[in-house]
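Reader: I am new to this structure and would like a close look at a single part of it. Please take the backbone and its unusual spots, and then show what surrounds them.

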Amino acid sequence: VDIRGNFVAKTLVELKPITLQVSSSVIVPYQEVWIVGMGFTKAKHSGWNRSRTIKEMNLKTDLKAGVTLGGEMVHEPYVIYPVRLGSDWSAFFRMIVPEMKSTITPGQVELRIRDSEGREGVSTLTVPTVKLQLDSNVSYPGESVSFSITGLPVPRENINDYVEVVYGYAIDTSGTKHATNLLGSFTPDRTGWISGSFDIPKESLLSSSNKVWVTASNGMHWEFDHYIAGQSISIEPTSGLQGDPLRITIKGMPRDYPLTVGSISLGGHRVKVPGHFGESGSRPISNHVGFLTFVSTVPAAAAPGDR
């Protein structure tokens, strides 16, 4: 403020950028999003041709109006320029997320919009890490597993984009040699998500480290680890008295393998097996994935603390 001969004063004024609203705060390449911003420059004259616009940057001049992601210009056809600003100083338009360094690198990315008068709108978006999710983290050969993958590129319009998923199972204990099994080709949805199921190859080794390879038709590639569990035995309940019933489950056995007498003990005392030595019930045989469950009792000779 400068009133000649009477008063002079200064103060700092911070012009904050306009807050943009985006239909999705998480973005992947080729995803469609809608952008809304309020508070851009008001038109000085009436009429469509006199309205302010957001137009593509001209790198040959000082004109800086346009849309950027992570500091990189978003060109047509990903945004249709010029974007007309409404009479209420608003912007509302569609953007297809382009594939660029900032949109394939997991983390936060800044969306910035500047109109032809220099007013800016900003929004911070997130580029997700491509993730594989399994319905079971403990798997065995022959077992069926459901999966989903998120964060993949969205198929481009009128282009047959897809991802190919391959399972690699270890063929020795080194963990470096794998045989491949194609699980199929999948088309991601509008958010970059796919799902399916597969049977773990019966040839897979117990206690092995396997791989899931995902390759997009645009050449992008991801690798995930998947571990096969080892042999295990569980008992329910985990405590009891002599003669109490037990439910015993064994995993990781050979397929279709009969359980023999004397193979199960508790505290060094033989656990009765159905179908043997007059015990009622059919003889336990492991199923097609090497699982076996049978009911018995705590041995009469077992002592407190026995395992």
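Author: What follows goes through the unusual backbone spots, then the cavity and the strands around them. The model is predicted. Across the chain the pLDDT averages 87, and 90% of the residues score at least 70. Residues 58-63 have a pLDDT below 50, and in the model this stretch has three contacts beyond near neighbours in sequence.

Most residues other than glycine have a negative phi, and most peptide bonds are trans. Against that background, begin with Y30, a residue other than glycine whose phi is positive, near 75°. Y30 sits in the loop that runs between β3 (18-22) and β4 (32-38). Is Y30 buried or exposed? Its relative accessibility is 13%, and because buried means under 20%, Y30 counts as buried.

Y30 also belongs to the lining of the largest cavity. A search of the whole structure finds one cavity of 30 Å³ or more, and the largest cavity holds about 90 Å³ of space. Besides Y30, its lining includes P153, V154, P155 and R156. D161, Y162 and V163 are also among the lining residues, as are P188, A216, S217 and N218. By kind, the lining of the largest cavity divides into eight nonpolar, two polar and two charged residues.

The two strands that flank the loop of Y30, β3 and β4, are also part of a sheet. Seven strands make up this open sheet, in the order β7-β6-β10-β11-β3-β4-β9, with mixed pairing. Its edge strands are β7 and β9 (90-96), each of which pairs on one side only. Strands of a sheet pair through backbone hydrogen bonds, either parallel or antiparallel. For β6 (residues 66-69) and β7, the sense is antiparallel, over two bridges. T68 has M73 in β7 as its bridge partner.

The edge strand β7 leads to another backbone spot. P77 lies in the loop between β7 (72-73) and β8 (83-84). The peptide bond that joins E76 and P77 is cis, with omega at about 10°.

A second cis peptide bond joins E236 and P237, and here omega is about -5°. P237 is placed in the loop between β19 (232-236) and β20 (245-251). What lies in contact with S234, leaving aside its neighbours within four places in sequence? S234 is in strand β19, and its contacts of that kind are R247, I248 and T249. S234 and T249 are 15 residues apart in sequence, yet their C-alpha atoms are 5.3 Å apart in space. The relative accessible area of S234 is 39%, so S234 is partly exposed.

On the other side of β20 comes a further loop, between β20 and β21 (265-266), and D256 lies in it. D256 is a residue other than glycine with a positive phi, near 55°. Is D256 buried or exposed? With a relative accessible area of 56%, D256 is exposed, because exposed means over 50%.

To set the spots side by side: the cis bonds join E76 to P77 and E236 to P237. Positive phi values are found at Y30 and at D256. Y30 is buried, whereas D256 is exposed.

Definitions and conventions
Residues numbered from 1 in each chain as written. Predicted model: local features only at pLDDT ≥ 70, side-chain atom pairs only at ≥ 80, totals over all residues. Heavy atoms only, no water. Helix = DSSP H or I, 4+ residues; strand = E, 2+ residues; numbered from the N terminus. Buried < 20%, exposed > 50% of the residue type's maximum accessible area, 1.4 Å probe, protein only. 1 Å grid on protein atoms, 1.4 Å probe; cavity = no way out; pocket = protein on both sides within 12 Å on 5 of 7 lines; lining within 4 Å. Points joined across faces, edges and corners; volume = space filled by probe spheres on them. Nonpolar A, V, L, I, M, F, W, Y, C, P; charged D, E, K, R; others polar. pLDDT = per-residue confidence, 0-100. Contact = heavy atoms within 4.5 Å. Pairing = 2+ DSSP bridges.
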